[in-house]
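Okay, thanks for having me, everyone. Let me put the sequence and the model up on the screen, and then I'll walk you through the parts I'd like you to look at.

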Amino acid sequence: INAEYMGTLSECLFFFAMSRACATNARSVVVKLGSALLSAGGRTDRLFQKYANDVTAVRETGRHVVMVSSGAIAQGVDEMGLAERPPGLAAAQALAAVGQPRMMHKWGVSFAPVPVAQFLLSKFDITDPTAMLNARRMLRAFRSTD
């Protein structure tokens with residue numbers, strides 16, 4: 001893992017989480033990367049690559065890594081050239097619609113040649129027993145191809 005995470009608190013927390021995962025006997029690691037980590041000061045391409053490299057390093061230790069990433073709205077704000085995120089649900093949905101493909105493209109480029117996938121889960125998918133079972137089966141099926 002790179003030791004270059006002495007910037008923001010969020011970057012330090014990511015570095016700590018990944019380092020801790022390597023120091024334990026955990027077979028699986030879930031990492032959440034939020035908007036603050038992925039949109040720091042316009043250097044997003046470099047950040048995506050840095051986090052992808054670190055996730056790959058953990059995977060190379062034999063651990064399974066699930067990465068949860070938000071940031072579609074922030075990517076939409078950047079793509080649309082806005083100075084800040086406008087208020088309201090409709091604006092958030094519109095910006096997410098613009099930003100989601102951009103974000104997935106950045107992850108695809110950063111993790112290449114390893115394929116990336118997008119799983120969209122709603123509150124229903126984790127609260128309804130049948131939907132939760134289907135989501136679990138889908139995630140396990142994806143993991144078995146890893």
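So, P113. You'll find P113 in the loop between α5 and α6. Look at the peptide bond leading into this proline: from A112 to P113 the bond is cis, with omega near 10°. And just so everybody knows, what we're looking at is a predicted model.

How far can we trust the prediction? Across the chain the average pLDDT is 80, and 79% of the residues score at least 70. Among the elements, helix α1, that's residues 9-23, has the lowest mean pLDDT, 58, while α5 has the highest, 93. Residues 1-10 have a pLDDT below 50, and that stretch still has 23 contacts in the model beyond near neighbours in sequence.

Now the general layout. The chain holds 7 helices and 2 strands. Starting from the N terminus, you read the elements as α-β-α-α-β-α-α-α-α. There are 146 residues in the chain, and 29% of them count as buried. If you take contacts between residues at least 6 apart in sequence, 59% join residues at least 24 apart.

What about the inside? The largest nonpolar core has 16 residues, and L33, L38, Y51 and W107 are the ones with the most contacts inside it. Two or more residues of this core come from each of β1 (28-33), α2, α3 and α5. The biggest giver is α3, with 6 residues.

Back to α5, which covers residues 89-111. I like two neighbours here, H105 and K106. Which of them is buried, and which is exposed? H105 counts as exposed, because its relative accessibility is 54%, and the cut-off for exposed is over 50%. K106 has a relative accessible area of just 9%; buried means under 20%, so K106 is buried. Both H105 and K106 sit in helix α5.

So what does K106 touch? Leaving out neighbours within four places in sequence, K106 is in contact with T44, D45, F48 and Q75. As for H105, its C-alpha is 9.3 Å from the C-alpha of V116, and those two are 11 residues apart in sequence.

Okay, charges. Side chains of opposite charge can pair when their charged atoms come close. How many salt bridges does the structure hold? There are 2. In one of them the side chains of D78 and R102 meet, at 2.8 Å from N to O. That pair links distant parts of the chain, with D78 in helix α4 (residues 72-79), R102 in helix α5, and their positions 24 residues apart. R102 also forms a salt bridge with E79, where the closest N and O atoms are 3.1 Å apart. Again this links distant parts of the chain, E79 in α4 to R102 in α5, 23 residues apart. Through shared partners, D78, E79 and R102 are joined into one network. On the acidic side, D78 is partly exposed at 43% relative accessible area, and E79 is partly exposed at 46%.

Staying with α4 for a second: its buried residues are A72, Q75, G76 and V77. What do they pack against? The answer is α2 (35-38), α3 (44-59) and α5. And you may remember Q75 as one of the residues that K106 contacts. After α4 comes G81, and its phi is positive, near 70°.

Last stop, D125, over in helix α6, residues 123-127. Here we have a buried residue with no salt bridge: the nearest side chain of opposite charge is R136, and R136 is 12 Å away. Then what does the side chain of D125 reach? It reaches the backbone nitrogen of S122, at 2.8 Å. Not counting residues up to four places away in sequence, D125 touches L120, A131, M132 and A135.

If you take one picture home, make it R102 on α5 bridging to both D78 and E79 on α4. Then put D125 beside that picture, buried and without a salt bridge. That's all from me, thanks for listening.

Definitions and conventions:
Residues numbered from 1 in each chain as written. Heavy atoms only, no water. Helix = DSSP H or I, 4+ residues; strand = E, 2+ residues; numbered from the N terminus. Buried < 20%, exposed > 50% of the residue type's maximum accessible area, 1.4 Å probe, protein only. Contact = heavy atoms within 4.5 Å. Salt bridge = Lys/Arg side-chain N within 4 Å of Asp/Glu carboxyl O. pLDDT = per-residue confidence, 0-100. Lys, Arg positive; Asp, Glu negative; His and termini not counted. Polar contact = N/O pair within 3.5 Å; in protein donor to acceptor, adjacent residues only side chain to side chain. Core = buried A, V, L, I, M, F, W, Y, C linked by side-chain atoms within 4.5 Å.
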